[in-house]
Structure formats: structure tokens, C-alpha cells
Protein chains: 2
Amino acid sequence: MNRRKFIKGASVAGGATAIAASTFPAPAFAQKRIEITMVATWGRDFPGLGTGAQRFAKRLSDMTDGRMNVKYYAANERVKAFDSFDEVASGNAQMYHAADYYWKGKHPGWAYFTAVPFGFVFSEINSWINFGGGQELWDELAGSFGLKCLACGNTGVQMGGWFRKEINSADDLKGLKMRIPGLGGDVMAKLGASPVSLPGGQIYEALISGAIDATEWVGPWNDSFYKFYEAAKYYYYPGMHEPASMLSLGMNKSWWEGLSNSDQLVIKAASHAENDVMMSEYNAKNGFYLEKLIREQGVLLRRFNDDVYDAFGEAAEDVFSEARAHSNLAERIHASFVKTRQEVGSWMNISDQEYLRQRNRVLGVT
Amino acid sequence: MNRRKFIKGASVAGGATAIAASTFPAPAFAQKRIEITMVATWGRDFPGLGTGAQRFAKRLSDMTDGRMNVKYYAANERVKAFDSFDEVASGNAQMYHAADYYWKGKHPGWAYFTAVPFGFVFSEINSWINFGGGQELWDELAGSFGLKCLACGNTGVQMGGWFRKEINSADDLKGLKMRIPGLGGDVMAKLGASPVSLPGGQIYEALISGAIDATEWVGPWNDSFYKFYEAAKYYYYPGMHEPASMLSLGMNKSWWEGLSNSDQLVIKAASHAENDVMMSEYNAKNGFYLEKLIREQGVLLRRFNDDVYDAFGEAAEDVFSEARAHSNLAERIHASFVKTRQEVGSWMNISDQEYLRQRNRVLGVT
């Protein structure tokens, strides 16, 4: 006998009894155990990204009382970081936690679902995903690779990077060897820099040895641990390249489609929770660590000026032209992104941005 | 026989069988049905606030496959809006959805858990609640009234309000009868205005008849439906009084404490989900409706200037002094709020605010 049916039967029989005894408790609900293997592109306990992915895995197990039994593997514990995609697409694992722009070599559309230069802040990318057609386009892209993805965390606005010298004009970027991946790196290349892609763990050595002149990573919280300030004192803001990197819960599409509606909703709610909580954590910790970097390490905080930003803007348009030319889907993703950036962006001007400016000016928050 | 035990027994018996047959499915999980009565301070299908509360109730039912059976009552369907507090504190209902500043008459600390003048934007209040000690203080305050509260939605930055005439200095506020509740109203009173508290449905009539000269409500999306533009054409931004109103899922504390850990986590995840989704929806729709108001209704968008903001700032300090003087708990809530506002606020200056300013300047997003 199928046990699930047996228990359901028991429950229904109980329900019939309940008609005679109205104080009798309502029927219990029985659901089957689901084993989930989850891989991630982050090292074990890496602050923010790794701890957030681990928190998601634990939340999903705990909120189902272990019924969804998530076995979490950090990078290299089961597969290498960038093999997470194939591991889940093939069905060897059910879930990954990653930044989907890692897969932009497979299709440039993936970049838009993490962050692109001159892209969305946190509030904006959520509006796009939930109400601007973003999820539908993500489903189309991911579906073509056998995946289903959900927003599951965000780093918020990233810093522009660590430089050995001041950047006062776009000319100062020429010839610079800088660690900056993705479309942001392509923007730097248009301006005459030489973008280099390096995993986090190798950046410090490259910077100290002079193999690279500059690097970006995430923000004050994450950057503190890598001690980039020992080789490059100038810390620039704001980054144009990743204004709010959305992290992705990628799932095997067939597996996802085989789940019950309620199990899908449980996973969705857990993803929304991590999206909410990880962003809170980054904002809570970045201010504290920035202050510490300045006070204890003598880091020199610098703002990219308008001339530099204008140059970034022109270069970004060129980079986007190339991404859009890839395919009809890339063009549609770009068009949808631009529409939301215009609509929500114009609202941001008079809401968050202007309020923060006025409040911080009046209170002297600097 | 207790049915729950019976089903658990069936499940355990099956588990024992599974030892002998390893391909046999793992034991199913049985949990008991939970009946939840939820009341709200919003009218049925009120856009944003009401639809968000209803979405939360549906999500909780659906993600548990009806095991948590939420019966939702909009304002006046079971109790009047402002009776929601007593209904849940007394245990007549298990949950409310409300803005907790409605209870500031019971304790001024409640205001901080929705929005206060010169308070938090969305990212900041979440940082405070999740990582800055906010939840613990909320638990202390709510617990003393027999409640447990969770963040469950947000309106984002609210508009400054609808005025019949331009506001070019703080003097222009003198003698103005304005519908503005809460501590924001207290700030206006310090500047010589006469704040009035009116429920949403009565504002339009008061404005048209001249009983009031000005009103604030929420933002372009919500405000559109009330047609305030027919009586007051000047629409000011940004509001200093509610920079991101956090909505609250209030629960009966004894009931909450009687739930299993996993059931508490399911409710928490559903709350986080609504927090994430409602903010997305407000930001997605406010830009669209603002544009429509300007184009179709000839609304005149105006920015409060620095002089007006300086006056708001001074008045807000006076209002806070009064709130803090109430009790030790009020003082501790205020101190914690100020600490996070300084720490996260200084980070906002160089992250979201400066990035949005530069991006929108370069792209010409206005």
C-alpha cells in the first residue's frame, strides 16, 4: 500500500468521525518528504552571500520541519562554483544559489538578472521582477536551459572599487589593469582599461604584487576581509557596474514543475524572505565597516565625479548595443529593463533619492 | 483516540517498514489544521494596503495547502478598523494587518514601527528590524500589550501632500488646516498649521467643501483614486512625515507562542514575502500614476525647498522630545532608531542616493 494514500485515508476517515463530534480536532495534513541537494557558488560561511544562501537552506528545512530536507554544499564541496549551473540543469542537484550573470557566456540575457551597468537599485529590480515583466522573461531564459529561477538575496549598491591613485577623469582609467568582471568590465575596456576576471580569493595577491592596479569586489562589509586597503587606499563610490546585485535561487525546471502548488509557494516565500533579509544585512553592516575602514585603516573615500560618470554612461550604451544584438530574447529583456528603469527611476528621483538627500542634509548625516 | 496521534502513529509505523525496504518512500509529515481569524484596518480590496493584506492571507493558506485556514475580514466586516488591536490582543482574532502608529495613543513607541518624521526609508527600517535591534524592541512593546508583531509590507516614501497654494516657506504653512495624522501632524502643528485626522473616505469631501485646505494620503497610486487634484493642484514631494510606512502583522502573543517552531517560521516567511512584494508594487505603480496625474489631470508637481525642510527638521526635534519623555521604553526605542538612522543613513548617502542621482542625471531620467 502507498503510505501516503494510507495516511490520507486515515485522515479522511477521521474527518467523517468529526461530523458526529464537533469538538473533535480537524483533520491533519500529510505531505511527503522531499530530498533537496543545493549547491552554491560561494565559499562556506562567506559573509553575506554564503551565509545568506546557508540561511535560506536552513529556513526551508526548518519551516517544513525537515520535510524539505536541504543538503547544502558550498563551492568545491560537491562541484566547483561555476559548475553549479550544469549540476542543476542536468538534475544532479535540485537547487543552486548564485549570481546569474556568471552564465552570461551562455546568453547575455543572464546579466540582467543580477546587475548591469547603470541598472537597477534594489527597490527597482524587485519592481521589475514582480510587477514589470521581469520574472516572465527570466522564466523564458532560464526555461530554455532547463532551469527555474527566483530572486533570493541582494547585495545592494556596490562600491566603485579600490584604486592606487585618484581617478579625476576618464583618462585616468586608461591602461589600468582592473579586476572587474561582467558588463562592468566591458565598460572599463571601452574606456581603455584592461579588465581582468579573478575569483575573490586571488585578488589580494594580484593587487599586492602589482599584477593588477585596481579592483572592485562588493562593498565595505565584504571588502574589509580581503584587506585591499593595504595595496590601494582610494575607495571610490558609487559603483556604476553593480548597483544592486540580485542573487538567484536556480532550480531544475522538471523537478520544480513536479512539486505541488503549496510546495512551490513555500519555496517562493523562503526566497522572498532571503531577498528581504540579505538586503537588510548588507545595509546594516556596510555603514559600520566603511566607518571602520576609514578610521582604522586610513582608507580615503572618494566620489566618482560627473565627468567620469558621463564617460561610464557613454561606454555602457556601447556595451548594451552588443548585448542586445545577440538575439530577439536579449533585445526583449533589454527593452523591458529600460522601460522599468525609466518608469520606476523617475519615481525614485522624487521619493527615496530626494527624501534621503533632504533628511541627511537637515540632520547632518554624512 | 486523538486523531493526530493516530496519524503520527501510522507514519511512524510506515517509517519502521522503510528500514526493511530502502526504496520505500520516507515517512510523510502530518500536522494539524490551524484556524486563523484575521482582521485588518483597510477596506476590502483597497489598492496596496488592503490587497497586500489579502494577498498575505491567501499566501499563508495556499502555502500550507489550507492547513492554516485564514479567514480574512476587511475593516467593518467583523470589527471597525481601529478595534483590530483589541480584537487580537483579547484573543477574539489571531491576526491583524495594520499600521502600528494607529496605536500611538496607547504608547508613543508604536509610531516608530510604522514611520516617524525624518525616519527610515524602506531599506533602513528593514535593517533596523532585522539587524539593528528593532525587532527586539518591537517585541518588548507589543508583548506588554499581549501582541507579537512582524513587518508585513511597506508603502515606501510618501508624498508631502496636496495643497491649494504653493508652499515657498514655513510661513505658508501657518493657519493651514491640513489632514495629516500622527507625529507628522504634530510637526505641522509646531509650525502653526492645524492638523486634522480623517479616515481616507472622508478627505475628498472635506477638501472640496473647504473644511480643510490641504491633505496628505499615501502616494500617486493610492491618491489617484480619491481625486484630491480636483480641489488642490499642488502636489508636494518628498513627505517628511512617512518616508516608508511599514505595515504590521500583529498576532495574539499567547496564540503565537503556542505554535510550533516550523509554523512560526512559515508565518515569518509569508510576512517577509509580503514585505518584499508590497514595496515592489508601490514602486512599480507610483511612477505610472504620477505621470498620469500630471498628464491627464494637470497636477502641478512641486518640491519642498530647503527652507521648508529646515523648519520641518526643527519642529520634528521638538516632537521627538515629547515622545521620548513618555517612558524608558520610548527613550530606548528612540535611541535605537537614531543609532541606525546615523549608521545606515550615512551608507545610504554614498550608495542608493548618490548612485540614483548619478544614473538618472547621466541618462536624463526625470
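The two copies in this predicted model meet through the same surface, because 100% of the interface residues of chain A are also interface residues in chain B. In numbers, 97 residues of chain A are in contact with 97 residues of chain B.

How are the copies arranged? Chain A can be laid on chain B by a turn of 180 degrees with a shift of 0.0 Å along the axis, and the RMSD is then 0.0 Å. The two copies are thus related as by a two-fold rotation axis. If you want to find that axis on the screen, go to A:A30: within chain A, its C-alpha is the one nearest the axis, 2.1 Å from it.

Now stay in that stretch of chain A. Strand β1 of chain A covers residues 29-31. Three bridges join β1(A) to strand β1 of chain B, also residues 29-31, and the two strands run antiparallel. As for single residues, A:Q31 has B:F29 as its bridge partner in β1(B).

Next, the size of the interface. The size of an interface is often given as the accessible area lost when the parts come together. Here chain A and chain B bury about 8600 Å² between them, and 63% of that is on carbon and sulfur atoms.

Then the polar side of things. Between chain A and chain B there are 35 residue pairs in polar contact, counting pairs with both residues at pLDDT 80 or more. Which parts of chain A supply the side that touches chain B? Several elements each give at least two residues, among them α1 (3-20), β1 (29-31), α4 (122-131), α10 (261-297) and α12 (328-363). The element that gives the most is α12(A), with 23 residues. Sorted by class, this side of chain A has 46 nonpolar, 29 polar and 22 charged residues.

Last, the salt bridges. Over all chains, the whole structure has 55 of them. Between chain A and chain B the count is 10. One example is A:E354 with B:R303, where the closest N and O atoms are 2.8 Å apart. Another pair to look at is A:E124 and B:R359, whose side chains meet at 2.7 Å, N to O. Why does this pair join two chains? A:E124 lies in helix α4 of chain A and B:R359 lies in helix α12 of chain B, residues 328-363, so the salt bridge runs from one chain to the other.

To recap: the copies share one surface, a turn of 180 degrees lays chain A on chain B, and β1(A) is joined to β1 of chain B by three bridges.

Technical notes:
Residues numbered from 1 in each chain as written. Chains lettered and ligands numbered in written order. Predicted model: local features only at pLDDT ≥ 70, side-chain atom pairs only at ≥ 80, totals over all residues. Heavy atoms only, no water. Least-squares fit on C-alpha atoms with pLDDT ≥ 70 in both. Contact = heavy atoms within 4.5 Å. Buried area = accessible area lost by both parts, 1.4 Å probe. Salt bridge = Lys/Arg side-chain N within 4 Å of Asp/Glu carboxyl O. Polar contact = N/O pair within 3.5 Å; in protein donor to acceptor, adjacent residues only side chain to side chain. Helix = DSSP H or I, 4+ residues; strand = E, 2+ residues; numbered from the N terminus. Nonpolar A, V, L, I, M, F, W, Y, C, P; charged D, E, K, R; others polar. Pairing = 2+ DSSP bridges.
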